[in-house]
Amino acid sequence: MMFFKLGFRNLFRQKRRTAISLAVVIFGAVSLLLALGHSRYIDWGLRESTIHSETGHLQVFNADYFRREEKTVLEFGLEAQAEIRRELDRMPEVSLVLARIDLMGLLSNGDKSVACMGQGLEPDREMRLRGMFRMSGEPFNAFLAHRGDPYVIALGRRLAESLTAKDGDYLTFMTTTASGALNALDLKVIGTFRSASPDYEERAVMIPLATAQELMRTSKVKNLVVTLKSTDRTDALFDKISEVARRKGYPVVLKKWPERAVYYKQVKQFYSELTGFLSAILIIIVFFATSNTIMMSVAERTREIGTLLSLGTTRGQTLKTLFFEGALIGSLGGLLGCALAYGASTLINSFNILLAPAPGMTTGYPLMIRNEMGFYFPVFAAFVAVAMLSAVLPALRITRLKIVDALSHI
Amino acid sequence: MAEPSVPKPIVRLAGVSRRYRLGKTEVPALTDINLDIRTDDFLVLAGPSGSGKTTLLNLIGLIDKPSAGSVWMNGENTTPKSLNSLAGLRRDRIGYIFQTFNLVPVLSVFENVEYPLILKDVPRGERRKLVERALDMVGLAGRLRHRPGELSGGEQQRASIARAIIKKPRIVLADEPTANLDSGTGLRILELMRRLHGQEGVSFIFSSHDPRIIAMGLRVVRLQDGRIVDQTEN
């Protein structure tokens, strides 16, 4: 107990120096927690927006879709989708099932033709899928408003500008059918939509799924997109649906959302590496700042340490005091850092700050910090450990110290 | 007629030399010292600065090792052992009093005196009694909660003496214990040490070059240029 008491009181010998060390630990902890919190927000936001705008949690494909190359459009599309959908809709964990077809073709206003790509989709289900992640310039309400008219089209904002198309105008959409022939339909423009990517906005179109099937003369769809009530259940449902498909003999293959979310994986990896690099820098700063404090303290107390050793204190007991000093700086700084980080993140989140768009994007993204206790404790523990480790260098000095030299130290 | 019995030595230095290396040259600090420290000693090491008094105290106190010869404590040769492994002997058998007092500034007087008992795992209740008794013996009963910085030099040295004797060591070593004190206080400190020597039965070995302090020693060992040149009993 005396060694802990000594370690505690030693911190108050040079209050300013201890305060600086504490400030460095606090700064390190706050910076790291905010960086981690923002990284987690980006991860969470991108994951959920990817799931709720693109991939769903699971996707059901024809079993040959990834094994063989299609010679004609939708050659390996999904048949008997209605039966599979019924099976999926019966599962309580499934929130929504929807079908999609990918489209490529030419869009013309009579004077100008532009190559485009897009999707045939089910607007009402797409709207439910996207939920809180609806895109700007939401086109699905427009589709629902024209529910009785299947020959409608929504355009990317830049594509509409390129074709000088406005709501109510008719455009001709030409594409290849499933058998390889050409087919075209006149479609009424009912709205435009925006996207984070300007390139996508220049080429993207959406039409109702039934219209896409009519245009392509097929009853197939590219795939079924399945969303679940909880992302955490993805693996369990993957196994369950695979088992049902095997039992019923459906020629399908399932993909989990991470396999279909290339952009998400790249961004996640980028942020992981960035946060890792930042963490390493912060930890090194904290290590040297704390180490410096303890080293200075040991240098000033050399004669005192010599005295204690001459009284019969073992070097192990002396080192215990040093490590305790490090642990105290780390714990106190870590605790205050966690508290400050929590307050700062709450404050930042309340301001709804929007950061500048990333390169290639048209809209900024919010500066939000996700407060997860799951990483508060590891950060706290890491700073305590680093502060304790920072006592190693001063401890080495003590182990080499000769008592008579220490006693004559000025 | 039988000879008077001679007390057994607590410490025996046999042919001890200590040399220091200064760059490429070796400087002899002590040469061929043979000395017995007895259980009833109140011994003063006298000699001018640089005569080897502090070096000799360091060797007796097991905080330094001889370059040649051996140091025995209670019949055990300590020389082959490392200084780290002698921590137990220092803790149990030896008390130190320093010229600059060397109290721990962040601990109170009570805690400073209590410290050696904590090293010996003495129970808390017993520690309190022993500390209060020791501080009472040195006249600091009213200064328990003070920090060393709040005491005069004489009071700090009294606290240092209390810290040295509290663990009931066989021997207390004091390197120039009065050098940082005025002459009156210095004499009173020596009187206190002598009184404790009588009361507690502890051997005191201290160094000084002050003739008035040297005169208070019951046994005087004079050093010059690292050698014992004279031993007298007062």
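Is the crossing of H1(A) and H13(A) left-handed or right-handed? We'll get to that pair after a look at both chains.

**Before you click**

What you have open is a predicted model, where local features need pLDDT of at least 70, side-chain atom pairs count only at pLDDT 80 or more, and totals for chains, interfaces and linings use all residues. Residues are numbered from 1 along each chain as its sequence is written, while chains are lettered from A and ligands numbered from 1 in the order in which they are written.

**Stop 1: chain A**

Select chain A and colour it by secondary structure. You'll find 16 helices and eleven strands; these are DSSP runs numbered from the N terminus, with helices being H or I of at least four residues and strands E of at least two. Chain A has a radius of gyration of 31 Å, well over the 22 Å that the globule rule gives for 410 residues, so it is more spread out than a compact globule. (That radius is taken over C-alpha atoms, and the rule is 2.2 Å times the number of residues to the power 0.38.) Its C-alpha trace spans about 100 × 50 × 35 Å along the principal axes.

Of those 410 residues, 38% count as buried. Buried means that 20 or more other C-beta atoms lie within 10 Å of the residue's own; 12 or fewer makes it exposed, and in between is partly exposed, with C-beta atoms placed from the backbone.

**Stop 2: chain B**

Now switch to chain B, with its seven helices and ten strands. For 234 residues, a compact globule would have a radius of gyration near 17 Å, and chain B agrees with its 18 Å. The C-alpha trace here spans about 55 × 45 × 40 Å along its principal axes. Buried residues make up 46% of chain B.

**Stop 3: H1 against H13**

Back to chain A: select residues 2–10 for H1 and 315–350 for H13. In general, two packed helices are described by the angle between their axes and the distance between the axes. H1(A) and H13(A) pack at about 50°, with axes 8 Å apart. That makes H1(A) oblique to H13(A). (Axes are lines fitted to C-alpha atoms, for helices over the stretch in contact, and angles run from 0 to 180 degrees between N-to-C directions. Under 35 degrees counts as roughly parallel, over 145 as roughly antiparallel, 65 to 115 as roughly perpendicular, and the rest as oblique.)

And the opening question? The crossing of H1(A) and H13(A) is right-handed: the near helix is turned clockwise from the far one by less than a right angle, whereas anticlockwise would be left-handed.

Show side chains where they meet: A:Phe3, A:Phe4 and A:Phe8 are among the H1(A) residues, and A:Phe324 and A:Leu328 are among those of H13(A). Contact here means C-beta atoms, placed from the backbone, within 7 Å.

**Stop 4: H11 beside H15**

Next, select 262–300 for H11 of chain A and 392–400 for H15. They pack at about 25°, with axes 8 Å apart. H11(A) and H15(A) are therefore roughly parallel to each other. Look for A:Ile294 and A:Met295 in H11(A), and A:Leu393 and A:Ile398 in H15(A), all part of this contact.

Click A:Val392 while you're in H15(A). With 15 C-beta neighbours inside 10 Å, A:Val392 counts as partly exposed.

**Stop 5: H12, with chain B in view**

Select 302–310 of chain A, which is H12. Seven of its nine residues are buried, so H12(A) is largely enclosed by the rest of the structure. Among the buried ones are A:Ile305, A:Leu308 and A:Leu309. What covers them includes H13, H15 and H16 of chain A, together with H2 (87–93) and S6 (94–97) of chain B. Just past H12(A), find A:Gly312, with a positive phi near 110°.

**Stop 6: two unusual backbones**

Most residues other than glycine have a negative phi. Try A:Leu74, though: its phi is positive, about 60°. A:Leu74 sits in the loop between S1 (58–62) and H3 (81–90) of chain A, and counts as buried with 25 C-beta neighbours inside 10 Å.

Finish at B:Phe101, where phi is also positive, about 70°. Look in the loop between S6 and H3 (109–119) of chain B. B:Phe101 is buried, with 23 other C-beta atoms within 10 Å.

Technical notes: Two residues are in contact if their C-beta atoms, placed from the backbone, lie within 7 Å.
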